[in-house]
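Reader: I'd like to learn how to read a structure like this one. Could you walk me through it, beginning with the cysteines?

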Amino acid sequence: MNRRWLRWWPAAVAVVVLAGGSSVAVAAVSGAFSSRTAAPNGQCSAPALPGTVVDVELTDMGGMMRGGHGDGSGGMMWGGYGGNAYGPGGPMRILLSGDAAPAGSVSFRVVNTGRLVHEMVVLPLARGASAGERTVGANDRVSERGALGEASNTCGSGAGDGVDPGAISWVTLHLPAGDYELVCNIPGHYAAGMYAELHVS
């Protein structure tokens with residue numbers, strides 16, 4: 001074997017491994033791994049849902065860590081948040097399988113992969129507004145005036161007391177064309193980065 005090749009083959013292998021790892025990290029952050037019908041804890045499953053299905057992942061530091069001891073220590077962060085290890089908004093996130101859907105029946109299949117209770121509330125966005133710009137009140141929540149629906153019922157449809165860690169919830173809404181913000185309105189969670197934008201046309 002050529003001695004020059006022997007000197008360079010470890011570097012070539014490292015490049016291939018790093019490229020593959022980066023692809024997995026980007027896929028994870030973009031929500032490619034969030035499409036599932038069964039809850040991670042195995043306790044329940046979502047039924048077949050009508051219309052366009054948008055998979056939603058609710059996560060916090062416990063759900064974003066990989067490796068370690070499952071307690072957020074010793075793991076590696078998924079990367080790709082553009083300079084902020086926690087994401088643009090903070091240490092909690094709402095990840096979508098896609099940021100657009102056709103007008104009409106839209107079903108949200110919501111999985112909580114974090115360690116805390118979360119929820120997903122659908123709010124219309126005013127023309128020209130962007131996700132993450134709502135005013136947080138003294139109660140550490142945003143106004144839900146005009147809310148169109150929510151998935152906050154552990155192992156069930158619609159409103160409840162929040163989606164338990166490892167559980168799934170779902171809701172089907174009729175959405176006309178427009179922009180919508182998906183938020184977790186548990187106190188403090190919106191300010192910590194739990195919002196995402198969905199465009200319906």
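Author: Sure. Start with the link of Cys44 and Cys155: with -70° about the S-S bond, this disulfide is left-handed. The pair ties together distant parts of the chain, 111 residues apart: Cys44 is in the loop between α1 (3–29) and β1 (52–59), and Cys155 is in the loop between β8 (149–151) and β9 (168–175). Helices here (H or I, at least four residues) and strands (E, at least two) are DSSP runs, numbered from the N terminus.

Before we go on, a word on the source: this is a predicted model, where local features need pLDDT of at least 70 and side-chain atom pairs count only at pLDDT 80 or more, while totals for chains, interfaces and linings use all residues. Residues are numbered from 1 along each chain as its sequence is written, and side-chain values use heavy atoms, with hydrogens and water left out.

Reader: What counts as a disulfide, and how many are there by this rule?

Author: In general, a disulfide is a covalent bond between the sulfur atoms of two cysteines. The rule used here asks for a pair of cysteine sulfur atoms within 2.5 Å. That gives one disulfide, and the sulfur atoms of Cys44 and Cys155 sit 2.1 Å apart.

Reader: Is Cys44 buried or exposed? And what about Cys155?

Author: Buried means under 20% relative accessible area, exposed means over 50%, and partly exposed lies in between (1.4 Å probe, protein chains only). Cys44 has 11%, so it is buried. Cys155, at 29%, counts as partly exposed. Another cysteine, Cys184, is buried at 0%. Across the protein chain, buried residues make up 38% of the 201 residues.

Reader: Now the strands. How do I read a sheet, and which order do the strands take in this one?

Author: Look for pairing: two strands pair if DSSP finds at least two bridges between them. Here four strands form an open sheet, in the order β4-β1-β6-β9, with mixed pairing. β4 (93–96) and β9 stand at the edges with a single partner strand each, so one side of each has no neighbour in the sheet. As an example of a pair, β1 and β4 run antiparallel over four bridges; Leu58 has Ile94 in β4 as its bridge partner.

Reader: And how many helices and strands does the protein chain have?

Author: Two helices and 11 strands. Along the sequence they follow the pattern α-β-α-β-β-β-β-β-β-β-β-β-β.
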